[in-house]
Amino acid sequence: MKRLLGVLAISMMAGAVAADEIKDGEALYLTHCATCHGIDMDGNGPMSGVLMIKPDDLLRLSAGNGGEFPLVRVIKRIDGRDPLVSHGSPMPVYGDFFEGQDVALKTASGQPIMTSKPVADLVAYLQSVQP
């Protein structure tokens, strides 16, 4: 019984951590991403008109990938390993902010991919808003 209670407590703590990551990711999104992708995440932010490539509708990331969230592509696009030069420089324009504090996220195949804590938080938020 004690073991079961311990497992439940750990599970509840893990859920709280996930909620904190989503909340932190939302704050990061509003500060660093909404200018291009929009408050509604539809790709129609106030700066979208000056970009060479229209920002993605971030609410459709999973839908546009056969129903599976494109974790690796999203991480690499945000952290700059897959640069998108829609505004004259690789995304993100916030560069160094997204570096450091390395964490590992598990891909669909079970393999880890390393990224920074802010990127992991952004990814948690993006995953949470997929329909």
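Tyr29 and Tyr125 are both buried in this predicted model. The two residues also form an aromatic pair, and the count for the structure comes to one such pair. The ring centres of Tyr29 and Tyr125 lie 5.9 Å apart with their planes at 50 degrees, so the pair is tilted. The tilted class applies because an angle under 30 degrees would count as stacked and one over 60 as edge-to-face. The pair also joins distant parts of the chain, as Tyr29 belongs to helix 1 (residues 2–32) and Tyr125 to helix 4 (residues 117–128), with their positions 96 residues apart in sequence.

It helps to place this pair within the overall layout. The chain has four helices and two strands, and from the N terminus on these elements follow the order α-α-α-β-β-α. Of the 131 residues, 31% count as buried. The accessible surface of the chain comes to about 8000 Å², with 60% of it belonging to carbon and sulfur atoms. Among contacts with a separation of 6 or more, residues 24 or more positions apart account for 44%.

Helix 4, the home of Tyr125, deserves a closer look. With 12 residues at 1.5 Å a residue, helix 4 should span 16 Å, and the distance between its end C-alpha atoms, 16 Å, agrees with this. The expected figure rests on 1.5 Å times one less than the number of residues. Nine of the 12 residues of helix 4 are buried, so the helix is largely enclosed by the rest of the structure. The buried set consists of Pro118, Val119, Ala120, Asp121, Leu122, Val123, Ala124, Tyr125 and Leu126.

Asp121 is a charged-name entry worth following in that set. The residue lies in helix 4 and is buried, with a relative accessible area of 5%. Leaving aside residues up to four places away in sequence, Asp121 touches Glu21, Asp24, Gly25 and Leu28. Glu21, Asp24, Gly25 and Leu28 fall within the range of helix 1, residues 2–32.

Helix 4 also features in the nonpolar interior. The largest nonpolar core holds 19 residues, and those touching the most other members are Tyr29, Phe69, Val74, Ile78, Leu122, Val123 and Leu126. Helix 1, helix 3 and helix 4 are the elements that give two or more residues to this core. The largest share, five residues, comes from helix 4. Tyr29 thus appears both in this group of core residues and in the tilted aromatic pair.

Ile78, another of these core residues, is placed in helix 3. At 10% relative accessibility, Ile78 counts as buried. Ile78 and Leu122 are separated by 44 residues in sequence, while their C-alpha atoms are 8.8 Å apart in space.

Beyond helix 3 (71–79), Gly80 is found in the loop that leads to strand 1 (102–106). Gly80 counts as partly exposed, at 28% relative accessibility. The C-alpha atoms of Gly80 and Glu99 are 9.9 Å apart, and the two residues are 19 residues apart in sequence.

The loop between helix 2 (34–37) and helix 3 contains Met41. Most residues other than glycine have a negative phi. Met41, in contrast, has a phi near 65 degrees, a positive value in a residue other than glycine. Met41 is also buried, with a relative accessible area of 4%.

Finally, the cysteines can be considered. The structure holds zero disulfides. The sulfur of Cys33 is 8.5 Å from the closest cysteine sulfur, in Cys36, which is too far for a bond. A disulfide would require the two sulfur atoms to be within 2.5 Å. Cys36 is likewise in no disulfide, its nearest cysteine sulfur being that of Cys33. The two cysteines fall into separate accessibility classes: Cys33 counts as buried at 16% relative accessibility, whereas Cys36 counts as partly exposed at 21%. The cut-off for buried is under 20% relative accessible area.

Key
Residues numbered from 1 in each chain as written. Predicted model: local features only at pLDDT ≥ 70, side-chain atom pairs only at ≥ 80, totals over all residues. Heavy atoms only, no water. Phe/Tyr/Trp six-rings, centres within 6.5 Å; stacked < 30°, edge-to-face > 60°. Buried < 20%, exposed > 50% of the residue type's maximum accessible area, 1.4 Å probe, protein only. Contact = heavy atoms within 4.5 Å. Areas by Shrake-Rupley, 256 points an atom, 1.4 Å probe, with all protein chains shown as cover. Core = buried A, V, L, I, M, F, W, Y, C linked by side-chain atoms within 4.5 Å.
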